[in-house]
Amino acid sequence: MREDEQAGEPSPVPVPALRLRGVSKSYGPVAACDAVDLDVYRGEIHGLLGENGAGKSTLMKILLGLVRRDAGTVLRDDEPVDIGSPRQAAALGIGMVHQHFSLIDPLTVWENVVLGDTGRIDRSAARDQVLEISRRYGLPVDPLARVAGLSAGERQRVELIKCLRGDPSVLILDEPTSVLTRAESAELFGVLRRAVRSESRAVILISHKLDEITAATDRVTVLRGGKVVFRSATARTGPRELARWMVGREVSLGAEAAVGLLPGTYGSAAGEAGPGRAAMAETGPEAGGSATGEAGPAKATMTEIRTEEIGTDEAARGVQDPPPPVLRLRGLTLTVDGVPVLSGLDLDVAPGEIVGLYGVEGNGQSSLGDLLSGLFAPDSGTVEISGRPVDLKRPGALHAAGLGIVPEDRHGSGLVPDMSVAANLVMKSLDAVSGRVFLDRKRTHALARRLVAEFGIVTPSTDTPVRDLSGGNRQRVVLARELSARPAVLVVAQPSRGLDVGAIEDMHRRLRDVASEGMAVLLISTELEEVMTLASRIAVISSGRITGVLSGGEVTAERLGTLVGGATA
Amino acid sequence: MREIPSGSGQGPSGRLLALLTAGPGASGWKTGLVTVAGVAVALALSSLLIAVTGGSPLDSVRALFQGSVADSTAWTSTLLYAAPLLLVAVGACVSARSGVFNIGQEGQVLVGALFAAWVGLRLAVTGPALLVVVLTVAALAGGAWAGLSSLMYRLRGVNIVVSTLLMTFVAQQLVAFAVNTPWLLQETRIGDAVVAPQSNPLPPGALLGSIGEYPDLQVNGGLLIAVTGAAIIATAITRTRWGFRLTMLGLNPVAARHAGVRADALGGAALAVSGAFAGLAGAVLLTSPVGVHRLQPGMAMNIGWDGLLVALVARNRPGPAVAVALLFGALRSGGGFLAATGVPSVVVDVVKALLVLAFVAPPAVIAVLRRRGSGVRTARDGHGAVPVAERTAL
């Protein structure tokens, strides 16, 4: 194969597979992309870094023919091309794996993969093809399995197989790890590395996670406000510099941690990736030159740093006898569709502490969030708030008992996107803004304006539908509403998911504030860094039960790893 | 894997209706423009059709106009049709807003009329009190009939769109049975006269009179009831806690449940309310001079279906539904006049349907246009949350 000659030689071939010159796209007065130049070569993973709204998605939509550019040229192997539709993009060998899965749940894997084909469907050929691709790239998946029963990581694999089946020479991945576990992410980058090296494909990796950009890419381009503000070979830059370019200012430690600025996280991915990668990891400034193919040493260093932080920060609290818990979960057991998702979960959260519930995605934390949102009643077990058991079958009982929740799926269960900001802010406390029958518009808007100001919600007016707000502001609406009811305990699920650095930082600051005012906070997160920076105790969830609770001083990588793996410490 | 508890029985059909009934768009003038164009196209097609079938398009338009709004007689007829249409539409607004799609109004109208006739003919109450009883019983009967669908959903998970639709056919059979059964409601046999499948005429005390005295023009009490109903529901939806919860349930059942709304109870109540309005419309059909004051199998005259269309065109807002109901009333009475001029009634139906399409289609057309031009917010938002049709809040 022609590609084989290039496989050993990481230096890019002179003609870029894809070259963008001065590509611009405006929506009214807003320039989503402003004269963007980008070169993507065969055999490289090109990182595209930027906050939400930086123009990454628009740029990719232009490449996929979903959006027409206003100006600029796109060259494919030095040939100017016009991409008018996704079909044309596919014909030009540009394929994309979207951030949100576009799979159809009730269909099987192979059916999803061939979806969109025309002509006769050859079932066994399609299955063989899926198996062949899955073997070639190391993407184990059963072609006969129904997508509905697959984990996030497996779905990602299906998406990838679907895309690779079209044999694209330029492969675009939009935030591919947002729902993946650490191990799954590492595996994904391994696959990409193989596709790039041995088959001379080009990969564009869109992300706002600094650690995965530094660990997995060869070159990186940073977009801010629609413009390219920085480009470099990944080896010659580091997460701190990239963060600066991405945000345009220094970020606080908490936010850094949440976007994965702490080093070593993807050390294992780098180790697997091949000879070129190890060298790169060593040049990362934060790795302290100690990173080798093994992730172990780097992880240990990282944990020491954190342990110190937590030790100094939370020592005072740890010394006193813990006050009685505000939130007491006892023996929560829940089965959904015949699958046990929670099995005898016990957890306490005391006033003034942030308890981090950490675990790999899919171990029951989502269901716990739904349960605490009042969407499910458990098969058995109790939820006690301030010493009183709550009847979970009664709608609104949790809220009445003093539990506030910022759910994981904010558009789904936390907000009514088509209703106004004001309506969303008061929807759980109608008593405060209405008589027995009629709503009081004046009081509604007065309350809404007060909360908008207090929580720094950026919105044109309190009448604006929530769907027009950015992700960070939507989350602030939920948080403002929940905190305005003065709950005794606040549950926050995956607070940094889908948000940019600024919004994450703001959220973290507010969580620390409410905890220091004496509220009990339960933080459900799959981001280890987030849990480590915020929580005073870490409860690890595995297979629907708590495998162990560690307070500041006890946290080590080994212990966490054991607990996450399901063994009780 | 995650099961999202749905508050109300709806499927793809419900979603389709939701798309069609999506709230008012940001650009009212655009909708107006497309509507005008649509009406022009409908008129052109109608003219063509009438010309092809041997009529005179110009005369037909004149007839349509004369029969609906040209003089006070025409207005009388228009208003008589508008009242039951509006009642059905207001009810449809309530259920659709809660996300429960009731499309069985035609049957609920019949059941309302059936019980109204029974009470009006059998109850020994005299004077205006009888009218009050008749109207109340009709509303209760319509509500209970719709409530059966809600019950089926809660007990066995029967889709509400399907069950309300099918219950219409049951209602039709019930009425046919009642007016063909001597011991039920069939008219009294006088001598050897042939008895028709219909009830006796209602006593004068059970009839809706006109309000005020105008030369030629009659404004029936039914219209007053309908407009009052529209005003009450409009206020209830926008200004009360009940309406707030209803809107929340319709727009996002999961969030509503999370916020403490009893989805089943509220959705069931909304369905019953919409059935009650349809039942009331049945009583108005029976007791106002639009018919012959007798229960007849064909007396619903598709008012249930058309009322649903009124709500569709008004996009589930009771206020605009008043105007739309007038328009549909005018189309009905003008259409009747047109048929009287010799244009085949089939063609009249097609003309009416084309005009209805002209008024229903614009929001959908705009939505399609907007979707094609979208990407603005999607691109900047980065999450791929696609705003398709906007809806109003509060």
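How many helices and how many strands does chain A have? Chain A has 22 helices and 20 strands. Good morning, colleagues. The model before us is a predicted one, and I shall begin with its confidence values.

For the complex, the predictor gives an ipTM of 0.79 and a pTM of 0.68. Chain B has a mean pLDDT of 84, with 87% of its residues at 70 or more. Two stretches of chain B call for caution. Over residues 1–26 of chain B the pLDDT stays under 50, although the model has 61 contacts for them beyond four places in sequence. Residues 375–394 of chain B are also below 50, and that stretch has 53 contacts in the model beyond near neighbours in sequence. Where pLDDT is low, predicted coordinates should not be read in detail.

I turn to chain A. Of its 569 residues, 54% count as buried. Among the contacts in chain A with a separation of 6 or more, 68% are between residues 24 or more positions apart.

Let us consider one sheet of chain A. Four strands form an open, antiparallel sheet in the order β2-β1-β4-β5. Which strands stand at the edges? They are β2 (30–40) and β5 (79–81) of chain A; each has a single partner strand, so one side of each is left without a neighbour in the sheet. On average, neighbouring strands of this sheet are turned by 30° against each other, direction ignored. Within the sheet, β1 (residues 18–27) of chain A is joined to β2(A) by 7 bridges, and Y27(A) stands opposite V30(A) in β2(A).

A parallel pairing is found between β16 (residues 403–406) and β17 (residues 489–493) of chain A, over 4 bridges. Here V406(A) stands opposite V492(A). In a regular strand the side chains alternate between the two faces of the sheet. In β16(A), L403(A) and I405(A) point one way, G404(A) and V406(A) the other, and all are buried.

Next comes helix α6 of chain A, residues 152–165. Its 14 residues reach 20 Å from first C-alpha to last, close to the 20 Å expected. The helix is mostly covered, with 11 of its 14 residues buried; among them are R155(A), E159(A) and K162(A).

After α6(A) comes D167(A), located in the loop between α6 and β7 (170–174) of chain A. Its phi is positive, about 50°, although it is not a glycine. Most residues other than glycine have a negative phi. A second such case is N316(B), with phi near 60°, in the loop between α12 (303–313) and α13 (318–340) of chain B. Are these two residues buried or exposed? D167(A) counts as partly exposed because it has 13 C-beta neighbours inside 10 Å, whereas N316(B) counts as buried because it has 26.

Finally, the nonpolar cores. The largest has 197 residues, of which L523(A), L86(B), A89(B), A113(B) and A321(B) touch the most other members. Helix α4 (residues 72–97) of chain B gives the most to this core, namely 17 residues. Beyond its neighbours within four places in sequence, L86(B) is in contact with A226(B), A230(B), A321(B), V322(B) and A325(B). Another core, of 65 residues, lies apart from the largest; A186(A), L192(A), V196(A) and V222(A) are among its members.

Thank you for your attention.

Methods: Residues are numbered from 1 along each chain as its sequence is written. Chains are lettered from A and ligands numbered from 1 in the order in which they are written. This is a predicted model: local features need pLDDT of at least 70, side-chain atom pairs count only at pLDDT 80 or more; totals for chains, interfaces and linings use all residues. Helices (H or I, at least four residues) and strands (E, at least two) are DSSP runs, numbered from the N terminus. A residue is buried if 20 or more other C-beta atoms lie within 10 Å of its own, exposed if 12 or fewer, and partly exposed in between; C-beta atoms are placed from the backbone. Two residues are in contact if their C-beta atoms, placed from the backbone, lie within 7 Å. The expected span of a helix is 1.5 Å times one less than its number of residues. Two strands pair if DSSP finds at least two bridges between them. Axes are lines fitted to C-alpha atoms, for helices over the stretch in contact, and angles run from 0 to 180 degrees between N-to-C directions. pLDDT is the predictor's confidence in each residue, from 0 to 100. A nonpolar core is a set of buried Ala, Val, Leu, Ile, Met, Phe, Trp, Tyr and Cys residues joined through C-beta atoms within 7 Å.
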